[in-house]
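Notebook open, structure loaded. I want to go through the helix packing, then the core, then a few single residues.

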Amino acid sequence: SHFGLSTDFGDIVALLVAKVAEMELEAISERNASAFRHNYSKGKYRGGIPPWGYLPQRDEESGEWRLVQDPPQVAVINEVVDRVLKGEPLRSVAHDLTARGILTHKDRFAQVRGRDVEQYGWHSQALKRALTSQTLLGRVVAREPLTDAQGRVQRDAKGRKLFGPEALVVVDEGSPILMTEPSLPLYLFDREGE
């Protein structure tokens, strides 16, 4: 009788229950995000598509998941960096990788997991983003959700959270947190970013 939506009191109770459920969902979401950020800042892999050049692997002793280099992806990274340093445009490199059937990191992850490969094409913007990411150096990066003036998380037209640019995660003294071995030497990363 308290939830009879035909009465004023029933409407109020239903709205109150719905609001409490919404608040609890937000609290659960924030706790999960906080745990993910904490674990990620410690260099632990906690799911999702790994950065280019890496695959997740379970440590036999600790049982924790860590990222390790994926030799086929590292070979592609080195090829792309070599071509870019020789002056080849990223668009040309992307078209060539797609034409040769080289798997993107999303497809490679699906392949390793035994899932269907979607045959995603390579794109120059995604290549540029990947080549300038500190993850190639084995470092932990994060993207924080964008918020409005009232501190609410901003969302796109489909309701997905909007995130800011990639930022390096550092320890208190300012040095970057390493999650794994670098896929690219620092001197090549610096040259490629020029």
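**Helix 3 on helix 5.** I started with the axes of helix 3 (residues 90-99) and helix 5 (residues 124-131), which come within 8 Å and cross at roughly 105 degrees. So I'm noting helix 3 and helix 5 down as roughly perpendicular to each other. From helix 3, the contact takes in L90, R91, V93, A94 and L97, while helix 5 puts in S124, L127, K128 and L131. I sorted the residues of this contact by type and got six nonpolar, one polar and two charged. This is a predicted model, by the way, and I'm reading everything here with that in mind.

**Helix 2 on helix 3.** Next I looked up the axes of helix 2 and helix 3, which come within 10 Å and cross at roughly 145 degrees. The crossing of this pair is right-handed. Helix 2 makes the contact with V76, E79, V80, R83 and V84, and helix 3 makes it with L90, S92, V93, D96 and L97. By type, the residues of the helix 2 and helix 3 contact come out as six nonpolar, one polar and three charged.

**The core.** Which residues have the most contacts inside the largest nonpolar core? I get W52, V80, L97, W122, L127 and L184, out of 17 residues in that core. Helix 2 (71-85), helix 3, helix 5 and helix 6 (186-193) each give two or more residues to this core. Helix 2 has the largest share of it, with four residues. I then pulled up V80: with its neighbours within four places in sequence left aside, V80 is in contact with W52, V93, L97, L127 and L131. Another core, of nine residues, lies apart from the largest one, and its members include Y54, L55, V140 and V169. Background reminder to self: in soluble globular proteins, nonpolar side chains tend to be buried together.

**Helix 4 and R108.** Moving on, I checked burial along helix 4 and found D107, R108, F109 and A110 buried. What do the buried residues of helix 4 pack against? They pack against strand 1 (54-58) and helix 2. I stopped at R108, which sits in helix 4 (residues 105-112). Is R108 buried or exposed? Its relative accessibility is 18%, so R108 counts as buried, the cut-off being under 20%. Not counting residues up to four places away in sequence, R108 touches L55, D70, P72, Q73 and L103.

**Positive phi.** After helix 4 comes G114, with a positive phi near 80 degrees. Q119 also caught my eye, since its phi is positive, near 60 degrees, in a residue other than glycine. I placed Q119 in the loop between helix 4 and helix 5. Q119 is exposed, with a relative accessible area of 53%.

**L162.** Last stop was L162, in the loop between strand 3 (141-142) and strand 4 (167-168). Its relative accessible area is 31%, so I have L162 down as partly exposed. Leaving out residues up to four places away in sequence, L162 touches E144, P145, L146, Q154, R155 and D156. I also took a C-alpha to C-alpha distance from L162 to L55 and got 26 Å, with their positions 107 residues apart in sequence.

Key
Residues are numbered from 1 along each chain as its sequence is written. This is a predicted model: local features need pLDDT of at least 70, side-chain atom pairs count only at pLDDT 80 or more; totals for chains, interfaces and linings use all residues. Side-chain values use heavy atoms; hydrogens and water are left out. Axes are lines fitted to C-alpha atoms, for helices over the stretch in contact, and angles run from 0 to 180 degrees between N-to-C directions. Angles under 35 degrees count as roughly parallel, over 145 as roughly antiparallel, 65 to 115 as roughly perpendicular and the rest as oblique. Contact means heavy atoms within 4.5 Å. Ala, Val, Leu, Ile, Met, Phe, Trp, Tyr, Cys and Pro count as nonpolar, Asp, Glu, Lys and Arg as charged, and the others, Gly among them, as polar. A nonpolar core is a set of buried Ala, Val, Leu, Ile, Met, Phe, Trp, Tyr and Cys residues joined through side-chain atoms within 4.5 Å. Buried means under 20% relative accessible area, exposed over 50%, partly exposed in between (1.4 Å probe, protein chains only). A crossing is left-handed if the near helix is turned anticlockwise from the far one by less than a right angle, and right-handed if clockwise.
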